[in-house]
Amino acid sequence: MIEDLFRRSIERREKLLARLGDATDCYRLMHGIAEGHPGLAVDRYGPILLLQTWREGLGSHEVESLRRVAERALSVPLVPVWNHRNKSRREPFSAYHAPDVPVEPTGRELGLFYDVRPRHRGLDPLLFLDGRAARRLLLRETCGKTVLNLFAYTCALGLVAASAGATETWNVDFSRSALRVGERNAILNRLGASSMRVINEDVFPIVRQLAGMPVRPRRGRARDFVRVEPRLFDIVVLDPPQWSRGPFGAVDVVRDYPGLFKPAVLATRAGGRVLATNHAPGVDLSEWRRILVRTAEKCGRPIRSLEVIEPEDDFPSFDGAPPLKMAWIEV
């Protein structure tokens, strides 16, 4: 059953894979929630076949059968890695599956190279594949521009901007380990340190300083922070997680997107662009757009244009409402 579903999902991607060509070997091969097997995602990351499960696990025979199907369809050898992400588990991934993973596997997307280790300090992959459409857009739009990449994670969006000829790229994230991956990716792509600045700090104090807004730590959580002068960027990337809490406030894309969007807009030059995302499945696209428009108006920077960016074809949506919402906004 699962083999048949997987085989059909790969067949549905034939045209996409042909368009991606040799410049991209990182893509989703099965988006289980929309292709008949909720709780399962199968991705190719270069030499790795990454199987992720959130509900039921996989048997060793299923892991091997999925590998055989993928290798037969793609005509490349792949190392299967199964990461079971059931929230109740406390064991490491290796308790379920202990594959012989290459030490430093590398994948390609849109001509750029990425660290694609399937197991590291965090649970998530080092490159989020559903964001490819946004990275493709930045490849076209960032030459000669200054770019501020907020919630940068492993700096994929900043890497794209720097490689496309951005004059300056700032990547801000609280995770030092994630930023180190971004720095390694810059080296893989022969980008100098001057083209990709990384700032290991909570996003709130950085973006609020840039926007000329006061920085207010949460009560009882005061601490020093990286100081920057107010300034404006041509393009601001706002790619927050669904929820997190830090010393300068909570990130909550469901209940308080304005708290994130306002300083991002105020850190963007007049006529510049904000690339905003919302990963929460329960957020309606139309309502999110209304929030963006209303927030920009309230801070005196009304939106001039707003283009919705859809994930590419390896992330089908059964209801026409993909969980990842992306907007390219002129302010």
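Two strands count as paired if DSSP finds at least two bridges between them. Keep that in mind for the exercises below, which all use a predicted model.

**Exercise 1. Find which residue of strand 3 is the bridge partner of Ala41, and place the pair in its sheet.**

Step 1. Begin with the two strands: strand 2 covers residues 40–45 and strand 3 covers residues 48–53. They run antiparallel and are joined by six bridges.

Step 2. Look across from Ala41, and you meet Gln52 in strand 3.

Step 3. Now widen the view. Strands 2 and 3 belong to an open sheet of four strands, ordered 1-2-3-4, with mixed pairing. Strand 1 (26–31) and strand 4 (79–84) are the edge strands, each pairing on one side only. On average, neighbouring strands here are turned by 20° against each other, direction ignored.

Step 4. Add the helix. Helix 1 (residues 2–11) lies across strand 1 and strand 2, and runs at about 135° to strand 1.

**Exercise 2. Decide whether His31 is buried or exposed, and list what His31 touches.**

Step 1. Locate the residue: His31 sits in strand 1.

Step 2. Apply the cut-off, which puts buried residues under 20% relative accessible area. His31 has a value of 13%, so it is buried.

Step 3. Collect the contacts, leaving out residues up to four places away in sequence. His31 then touches Arg13, Leu40, Asp314, Phe315 and Pro316.

**Exercise 3. Work out which residues line the largest cavity, and look at the hairpin that contributes Asp115.**

Step 1. Search the whole structure: one cavity of 30 Å³ or more turns up. The largest cavity holds about 40 Å³ of space.

Step 2. List the lining: Tyr45, Leu50, Asp115, Val116, Arg117, Pro118, Pro125, Leu126 and Leu127.

Step 3. Follow Asp115 into strand 6, where it is the bridge partner of Thr106. Strand 5 (residues 106–109) and strand 6 (residues 112–115) run antiparallel, with four bridges between them.

Step 4. Check the turn. Two residues lie between these strands, and Leu110 takes a positive phi near 55°.

**Exercise 4. Describe the seven-strand sheet: what is its order, and which strands stand at its edges?**

Step 1. Trace the order, 9-8-7-10-13-15-14; this sheet is open and its pairing is mixed.

Step 2. Go to the ends. Strand 9 and strand 14 (305–309) each have a single partner strand, so one side of each is left without a neighbour in the sheet.

Step 3. Take the twist, which averages 15° from one strand to the next.

Step 4. Zoom in on one pair. Strand 13 and strand 15 are antiparallel over six bridges, and Ala276 has Ala327 of strand 15 as its bridge partner.

Step 5. Place the helices. Helix 8 packs on the sheet, where it touches strand 7, strand 10, strand 13 and strand 15, and its direction makes about 150° with that of strand 13. Helix 9 lies across strand 13, strand 14 and strand 15, at about 30° to strand 15.

**Exercise 5. Identify the residues that touch the most other members of the largest nonpolar core, and find which helix gives the most to this core.**

Step 1. Recall a broad tendency: in soluble globular proteins, nonpolar side chains tend to be buried together.

Step 2. Name the best-connected members. The core has 39 residues, and Leu148, Leu150, Tyr257, Phe261 and Ile329 touch the most other members.

Step 3. Ask where the members come from. Elements that each supply at least two residues include strand 7 (146–150), strand 10 (233–238) and helix 8 (258–266). Helix 7 gives the most, with five residues.

Step 4. Take Phe261 as an example. Beyond its neighbours within four places in sequence, Phe261 is in contact with Leu238, Val274, Leu292, Thr295, Ala296, Ile303 and Ile329. A second, separate core has 36 residues, among them Tyr114, Leu127, Ala152 and Met196.

Step 5. Return to helix 7, where eight of the eight residues are buried. These pack against strand 7, strand 8, strand 9 (197–200), strand 10, strand 12 (249–252) and helix 8.

Step 6. Finish with Leu210 of helix 7. Leu210 is buried, with a relative accessible area of 2%. Its C-alpha is 9.1 Å from that of Phe233, although the two are 23 residues apart in sequence. Among the residues Leu210 touches are Leu148, Trp170, Phe233 and Ala267.

Note on methods. Residues numbered from 1 in each chain as written. Predicted model: local features only at pLDDT ≥ 70, side-chain atom pairs only at ≥ 80, totals over all residues. Heavy atoms only, no water. Core = buried A, V, L, I, M, F, W, Y, C linked by side-chain atoms within 4.5 Å. Buried < 20%, exposed > 50% of the residue type's maximum accessible area, 1.4 Å probe, protein only. Contact = heavy atoms within 4.5 Å. Axes fitted to C-alpha atoms, helices over the stretch in contact; angles between N-to-C directions. 1 Å grid on protein atoms, 1.4 Å probe; cavity = no way out; pocket = protein on both sides within 12 Å on 5 of 7 lines; lining within 4 Å. Points joined across faces, edges and corners; volume = space filled by probe spheres on them.
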